[in-house]
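Biologist: Before we go through the fold, please show me the model. I would like each descriptive term set against its criterion.

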Amino acid sequence: MTSRHKNTHAHKAQSYNIGRPHYPKQFFDYIYDELGLAKDSTIADMGAGTGKVTEGFLKSGSTVYALEPDKDMMQVLVNNLAGFPSCIPIESTAENTCLPDSTVDLVFCGNSYHWFDSGIAVPEFKRVLRGNSRGFDVVICSLGVGMPSSASPFQDGRCISKTFEFTHHSRLREFLHGHLSSSLAPTPEDDNYEEYCETLKQTFDKQCVDGKVETRFVLHCEVGDVGGLVV
């Protein structure tokens with residue numbers, strides 16, 4: 001969620017929850033098994049949204065501070081993850097986490113880092129991170145239908161990049177809410193909302209096979225040390 005700008009995802013919580021895909025299992029296998037993050041690590045999920053990625057970390061055995069400034073998103077997250085005592089929801093921003101010093105082993109940013117004021121957020125990351133011997137303590141991800149267009153947040157050569165591709169099949173309800181979760185999509189209060197939804201329904205009808213639309217997602221991950229982030 002946005003910290004540097006106004007909340008461009010206001011009133012999007014339910015659409016996020018219904019329409020956004022979970023990260024694939026391969027991502028968590030990569031972080032824990034290939035890169036060697038201990039499964040009992042403590043993670044700060046910066047801009048956790050409705051908790052879709054948070055849940056994957058929790059199921060792996062980690063304790064997660066789920067930071068999210070949007071009240072609606074946070075309420076959905078709390079409801080979704082009520083069964084995980086190792087989830088600690090905090091209504092706060094990446095620039096002011098409200099976490100004690102040296103609290104977490106990993107900072108994770110999923111489709112959120114570009115909203116942060118890096119000049120404030122990066123020193124905050126450094127403050128809350130413990131020292132590590134793994135060579136990485138920050139993971140920044142971008143999920144979409146193609147590779148991210150923005151520049152890497154890490155200095156040249158200061159990160160490891162990994163890309164995962166996976167297929168997600170959406171029924172009409174998921175398809176609609178996936179598009180409505182975009183920051184640029186109208187909300188029910190907007191004059192063009194009904195027209196927008198009707199256009200989406202027509203698109204779904206043209207593309208669906210057996211009642212579902214197949215979307216190929218690209219999850220791009222950059223893994224590095226907090227000291228390698230551009231400020």
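**Helix packing and the sheet**

Modeller: This is a predicted model. One place to start is helix H6, which passes H7 in a right-handed crossing.

Biologist: Why is H6 called oblique to H7?

Modeller: The axes of H6 (residues 172-180) and H7 (residues 193-207) cross at roughly 130° and come within 10 Å. Angles over 145 degrees count as roughly antiparallel and 65 to 115 as roughly perpendicular. The value of roughly 130° belongs to neither class, and H6 is therefore oblique to H7.

Biologist: Which residues of H6 and H7 meet?

Modeller: From H6, they are Leu172, Phe175, Leu176, His179 and Leu180. On the H7 side they are Tyr193, Tyr196, Cys197, Leu200, Lys201, Thr203, Phe204 and Gln207. The contact divides into nine nonpolar, three polar and one charged residue.

Biologist: What makes H2 and H3 oblique to each other?

Modeller: The axes of H2 and H3 (residues 52-60) come within 11 Å and cross at roughly 50°. Roughly parallel requires an angle under 35 degrees, and roughly perpendicular begins at 65. With roughly 50° between the axes, H2 and H3 are therefore oblique. The crossing of H2 past H3 is right-handed.

Biologist: What makes the contact between H2 and H3, and how do its residues divide into nonpolar, polar and charged?

Modeller: H2 contributes Phe27, Phe28 and Tyr32, while H3 contributes Val53, Gly56, Phe57 and Ser60. Five of these residues are nonpolar, two are polar and none is charged. Gly counts among the polar residues in this scheme.

Biologist: Turning to the sheet, in what order do its strands lie?

Modeller: The sheet is open, with seven strands in the order E3-E2-E1-E4-E5-E7-E6 and mixed pairing.

Biologist: How do you know which strands are the edge strands?

Modeller: Strand E3 (87-90) and strand E6 (159-170) each pair on one side only. Pairing here requires at least two bridges between two strands. On average, neighbouring strands of the sheet are turned by 20° against each other, direction ignored.

Biologist: What makes E6 and E7 a pair, and in which sense?

Modeller: E6 and strand E7 (residues 213-224) share 12 bridges in the antiparallel sense, set against the required minimum of two. One of the bridge partners is Cys221 in E7, which is matched with Lys162.

Biologist: Which strands does H2 touch, and at what angle does it lie to E6?

Modeller: Helix H2 (residues 25-34) packs on the sheet and touches E1 (42-46), E4 (106-110), E5 (138-144), E6 and E7. The direction of H2 makes about 150° with that of E6. Helix H4 (residues 71-80) also packs on the sheet, touching E2 (63-67) and E3, and its direction makes about 165° with that of E3.

Biologist: Where is Met147 found, and what does it touch?

Modeller: Met147 is in the loop between E5 and E6. Leaving out residues up to four places away in sequence, Met147 touches Thr163, Val218 and His220. The C-alpha atoms of Met147 and Gly61 are separated by 30 Å, with the two positions 86 residues apart along the chain.

Biologist: Why is the protein chain called as compact as a globular protein of its length?

Modeller: Its radius of gyration is 18 Å, close to the 17 Å given by the globule rule for 231 residues, so the chain is as compact as a globular protein of that length. The C-alpha trace spans about 50 × 40 × 35 Å along its principal axes. The chain holds seven helices and seven strands.

Note on methods:
Residues are numbered from 1 along each chain as its sequence is written. This is a predicted model: local features need pLDDT of at least 70, side-chain atom pairs count only at pLDDT 80 or more; totals for chains, interfaces and linings use all residues. Side-chain values use heavy atoms; hydrogens and water are left out. Helices (H or I, at least four residues) and strands (E, at least two) are DSSP runs, numbered from the N terminus. Axes are lines fitted to C-alpha atoms, for helices over the stretch in contact, and angles run from 0 to 180 degrees between N-to-C directions. Contact means heavy atoms within 4.5 Å. A crossing is left-handed if the near helix is turned anticlockwise from the far one by less than a right angle, and right-handed if clockwise. The radius of gyration is taken over C-alpha atoms; the globule rule is 2.2 Å times the number of residues to the power 0.38.
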